[in-house]
Amino acid sequence: MITEGKIIKIAGPVITAAGMKGTQMYEMVRVGADKLIGEIIELEGDTATIQVYEETAGMKPGEIVESTGGPLSVELGPGIIGSIFDGIQRPLENIKLLTGNYIERGVAVPALPKDKKWKFTPIVKAGAEVQGGDILGEVQETSAVVQKIMVPPNVSGTLKSIVAEGEYTVEEDIAEVETPKGTEKVQLMQKWPVRVGRPYKNKLDPDIPLVTGQRAQDTFFPVAKGGTAAIPGPFGSGKTVTQQQLAKWADADIIVYVGCGERGNEMTEVLKEFPELEDPKTGKPLMDRTVLIANTSNMPVAAREACVYTGITIAEYFRDQGYDVALMADSTSRWAEAMREISGRLEEMPGEEGYPAYLASRLAQFYERAGRVTTIGTEDKISSVSVVGAVSPPGGDLSEPVTQNTLRICKVFWALDASLADKRHFPSIDWLQSYSLYVDSVQGWWDSTVGGNWRKARDDAMILLQKEAELQEIVQLVGPDALPDRERITLESTRMIREDFLQQNAYHEVDTYCSSTKQYQMLKTILLYQEKATEALDRGAPSDALTNLPVKEEIGRMKFIPEDEFDEKIKEIQDEIVKQTEEVRK
């Protein structure tokens, strides 16, 4: 039943309407003469408080508010991949064709093209017993993605009928399921409320790493498939390039990139670059397996609050099909600022730094929808949603509430350091502040896939880097010449770890991606130098000769060796380390 109320108060994107008895929390409504999209966020008697996802300038009390009978939902089906949506899943490219370069108020464009026909190939026959999550057929959406058309999560019964192979729009019925409550029709498209997580059978331990090809992340601070990671960093420290590298190289089938409240010029750069990026896995455009959600800082603030839910719901939809999905949210700080603004207009009691008291629980609700799961359906499919959220603390202050609450939830912390970025050390991940709680979980994968001593090599390198930080304080006071010979070898080894291992050129055709095996062998080679140089020192070799071995030049260039030549060349470098340290010993 449609309820009609009237506006009695307007405060920016928050309006109050009377006569809304019968409506529900989080129900979607149409506001005013322009029928702007809104959502009920508070109910008291027959008065509803509504956040409006569009500009409310010019709206006046007395205008009509109509309920729609359902919550804010997204359309899930063929047509999602390669699209650029705003925060409430309106396709920006289609809006541009309709209204030009500016989004007009009240513009209504369907999220998925309703007139386009998709070739559907059924894979089950009528008479089969089906349940929510079962795959009825397939649609080849792009060169990289086959959309699996599923029975909606809340439907189960006998498949009464299914269409033959052919072309259908997303709204045409392609199957009928006989349920205890009656016949349910199934289309290529299904709808799902954004604030409700899609169901799964059970959540699995995150014990397989999300391999990104980035040495600092994979070797030192790994994130697991289905895990959560935070990238806090000040302006200019490389958050966006880091996330683009993850989007391009991460071991995920589908990428969902949410630009949440970022500056318009930054978002424009992303929207221009992504369609031009080549997918290294297929050689086709990266957009063939990417969904972009763009909500810039000058767009209505309420839509920013919704955009992360839109993104995670789309990610869960592809997870249910059996795909591994990586979601990049840039940045959750802007999302929190949107919550703070709306909370202020609702006159709620503010928490720390003016953020709402429920900031921590909202962040947790978002990040906890990540996970590696067994999907619903007759056949068990194991898939995952991994979430990487960028945080933009004002002035780089990591003690502010959004960063601190995110750290309580996320198990990986990649802290970007402005001083490293100033030195052109990218990715500018601070190895002393960053951490990963997945190291123990993914150790079994590394040991079985790459090498049995991965954990020891990683821990030894971390100990050396921490030792270097202590030594640098002494060096600044008395100079490097005052250090004992053993410590000078340590400083040389840590310089190699920093410059030859942790530094990685995102724009170099070879160094942009580094396989797990190559990462392990590179680290092993630097640690071999440390070990052999220290042994030679104990036998009386001069430290100056050891810190100036000719093989150091080869160690510095090993990151640029192509993968197909690497095994042979790294063996030569390791043999040369042993040989040259032996010669100095004599």
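These legends go with several close-up views of a predicted model.

**View 1. Four strands line up in an open sheet.** Look for the order E10-E13-E15-E16, in which the pairing is antiparallel. Which strands stand at the edges? They are E10, residues 129–130, and E16, residues 182–187. Each has a single partner strand, so one side of each is left without a neighbour in the sheet. Now follow E15, which spans residues 173–179 and pairs with E16 over six bridges in the antiparallel sense. To find your place along this pair, start at Asp 173, which stands opposite Gln 187 in E16. As a reminder, strands of a sheet pair through backbone hydrogen bonds, either parallel or antiparallel.

**View 2. Strand E22 is mostly covered.** This strand runs over residues 324–330, and seven of its seven residues are buried. Walk along E22 and see which way the residues point: Asp 324, Ala 326, Met 328 and Asp 330 point one way, while Val 325, Leu 327 and Ala 329 point the other way. Are these residues buried or exposed? All are buried, whichever way they point.

**View 3. Strand E22 pairs with E20 and with E24.** Strand E20, residues 254–260, pairs with E22 in the parallel sense over six bridges. A handy landmark here is Gly 259, whose bridge partner in E22 is Asp 330. Strand E24, residues 382–391, also pairs with E22 in the parallel sense, over seven bridges. For this pairing, find Leu 327 and then its bridge partner in E24, Val 387.

**View 4. The largest nonpolar core gathers 75 residues.** Which residues have the most contacts inside this core? They are Leu 136, Ile 174, Leu 188, Val 256, Phe 318, Leu 327 and Phe 366. Helix H5, residues 301–320, provides the largest share of this core, with eleven residues. Another core, of 73 residues, lies apart from it, and Phe 221, Ala 224, Ile 429 and Met 462 are among its members. In soluble globular proteins, nonpolar side chains tend to be buried together.

**View 5. Val 256 and the residues around it.** Here we zoom in on one residue of the largest nonpolar core. Leaving aside neighbours within four places in sequence, Val 256 is in contact with Val 291, Ile 293, Gly 311, Ile 314 and Ala 315. Val 256 also has contacts with Val 325, Ala 326, Leu 327 and Met 328, and these four can be found in the buried strand E22.

**View 6. The largest pocket has a volume of about 850 Å³.** How many residues line this pocket? There are 29, and Leu 92, Asn 101, Tyr 102, Ile 103 and Met 299 lie nearest its centre. Helix H1 (92–99), helix H4 (264–276) and strand E21 (290–295) each supply at least two residues of the lining. H4 gives the most, with five residues. Sorted by class, the lining has 13 nonpolar, seven polar and nine charged residues.

**View 7. The second largest pocket holds about 720 Å³ of space.** Its lining is made of 38 residues, and those nearest the centre are Ser 237, Gly 238, Lys 239, Thr 240 and Val 241. Helices H3 (239–249) and H4 each supply at least two lining residues. The largest share, six residues, comes from H3. By class, you will meet eleven nonpolar, 17 polar and ten charged residues in this lining.

**View 8. Two cis peptide bonds to look for.** One joins Asp 330 and Ser 331, with omega about 5°. Where is Ser 331? Its place is in the loop between E22 and helix H6, residues 332–345. Another cis peptide bond runs from Phe 426 to Pro 427, with omega near -10°. Pro 427 is found in the loop between helix H9 (418–422) and strand E26 (435–436).

**View 9. Tyr 26 and Arg 424 have positive phi values.** Tyr 26 is not a glycine, yet its phi is positive, about 65°. This residue lies in the loop between strands E2 (14–18) and E3 (27–31). With 27% relative accessibility, Tyr 26 counts as partly exposed. Arg 424, also a residue other than glycine, has a phi near 60°. You can find Arg 424 in the loop between H9 and E26. Its relative accessibility is 60%, so Arg 424 counts as exposed.

Technical notes: Residues are numbered from 1 along each chain as its sequence is written. This is a predicted model: local features need pLDDT of at least 70, side-chain atom pairs count only at pLDDT 80 or more; totals for chains, interfaces and linings use all residues. Side-chain values use heavy atoms; hydrogens and water are left out. Two strands pair if DSSP finds at least two bridges between them. Buried means under 20% relative accessible area, exposed over 50%, partly exposed in between (1.4 Å probe, protein chains only). On a 1 Å grid over the protein atoms alone, a cavity is a set of points where a 1.4 Å probe fits but cannot get out, and a pocket is an open set with protein on both sides within 12 Å along at least five of seven lines; lining residues have an atom within 4 Å of a point. Grid points are joined across faces, edges and corners, and a volume is the space filled by probe spheres set on the points. Ala, Val, Leu, Ile, Met, Phe, Trp, Tyr, Cys and Pro count as nonpolar, Asp, Glu, Lys and Arg as charged, and the others, Gly among them, as polar. A nonpolar core is a set of buried Ala, Val, Leu, Ile, Met, Phe, Trp, Tyr and Cys residues joined through side-chain atoms within 4.5 Å. Contact means heavy atoms within 4.5 Å.
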